[in-house]
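The following exercises concern the fold of a single protein chain. Each task is followed by a solution that proceeds step by step.

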Amino acid sequence: MCRVCQKRPEIPEERHGRCEACARAGRIAYRFRLASARGGPGLAVRAGEMSPRALRQKLREQLAAWNQPPGTRRQLGLHEVELVVARDRLETVRGAPDLAGRPDEVMEALRTAAERTEAAW
Ligand SMILES: [Zn+2]
């Protein structure tokens, strides 16, 4: 199943696991894994399919301006968050069901991660 829309079958061997419609639209779903923040309450990004530096370059301002709570996606694993980007425009923020009650902490974790400048998590 397409990783982005979960509606249509993915193209075999497609780099981002997408269906034809999502590939044509330039839509990509990047996954991130959150964990409890070190030495305090809240959450922090621990791993992701986009480097901290790329996240900063591409999505820092868009995450800062994002004003909706993250959606919930059943298919995501524990503490996973997904950012759907269509040709560099942030379209969707969605998280695993276990994060559904923590919308502010999820957004804070993503925004904090987008301040980082490292090449790797
Ligand atoms: Zn799709």
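Helices, of at least four residues, and strands, of at least two, are taken here as DSSP runs and numbered from the N terminus. The model is a predicted one.

**Exercise 1. Determine how many helices and strands the protein chain has, in what order they occur, and how the radius of gyration compares with the globule rule.**

Step 1. The count gives three helices and five strands.

Step 2. Read from the N terminus, these elements follow the order α-β-β-α-β-β-β-α.

Step 3. The radius of gyration is 14 Å, close to the 14 Å that the globule rule gives for 121 residues, so the chain is as compact as a globular protein of that length.

Step 4. Along the principal axes, the C-alpha atoms occupy a box of roughly 45 × 30 × 25 Å. Of the 121 residues, 26% are buried.

Step 5. Among contacts with a separation of 6 or more, 49% come from residues 24 or more positions apart.

**Exercise 2. Establish the strand order of the sheet and identify the strands at the edges.**

Step 1. Begin with strand β1, residues 27–36, which is antiparallel to strand β4, residues 80–86, and joined to β4 by seven bridges. Within this pair, Arg33 has Glu80 of β4 as its bridge partner.

Step 2. β1 also runs antiparallel to strand β2, residues 43–48, through five bridges. Here Phe32 is placed opposite Gly48 of β2. The hairpin of β1 and β2 has six residues between the strands, and Gly39 adopts a positive phi near 60° in this hairpin.

Step 3. β4 pairs in turn with strand β5, residues 89–95, over six bridges in the antiparallel sense.

Step 4. The complete order is β2-β1-β4-β5-β3, an open sheet of five strands with mixed pairing. β2 and β3 (71–72) each have a single partner strand and stand at the edges, so one side of each lacks a neighbour in the sheet.

**Exercise 3. Check the span of helix α2 and describe how helices α2 and α3 are placed relative to the strands.**

Step 1. Helix α2 covers residues 52–65, and its 14 residues should span 20 Å at 1.5 Å a residue; the end C-alpha atoms lie 18 Å apart, which agrees.

Step 2. A bend of about 65° occurs in α2 at Leu59. Leu59 is also one of the buried residues of α2, which are Leu55, Leu59 and Leu63.

Step 3. The buried residues of α2 pack against β2, β4, β5 and α3.

Step 4. Helix α3, residues 103–113, lies across β1, β2, β4 and β5 and runs at about 55° to β2.

**Exercise 4. Is Val81 buried or exposed, and which residues does Val81 touch?**

Step 1. Val81 belongs to strand β4, where Val81 stands opposite Gly95 in β5.

Step 2. Burial requires 20 or more other C-beta atoms within 10 Å. Val81 has 25 other C-beta atoms within 10 Å and is therefore buried.

Step 3. Not counting residues up to four places away in sequence, Val81 touches Phe32, Leu34, Pro70, Gly95, Leu99, Val106 and Leu110.

Step 4. As for Arg24, the separation from Val81 is 57 residues in sequence and 23 Å in space, C-alpha to C-alpha.

How values were computed: Residues numbered from 1 in each chain as written. Predicted model: local features only at pLDDT ≥ 70, side-chain atom pairs only at ≥ 80, totals over all residues. Rg over C-alpha atoms; globule rule 2.2 N^0.38 Å. Buried ≥ 20, exposed ≤ 12 C-beta atoms within 10 Å, placed from the backbone. Contact = placed C-beta atoms within 7 Å. Pairing = 2+ DSSP bridges. Axes fitted to C-alpha atoms, helices over the stretch in contact; angles between N-to-C directions. Expected span 1.5 Å × (residues − 1). Bend = angle between axes of the 7 residues up to and from the residue.
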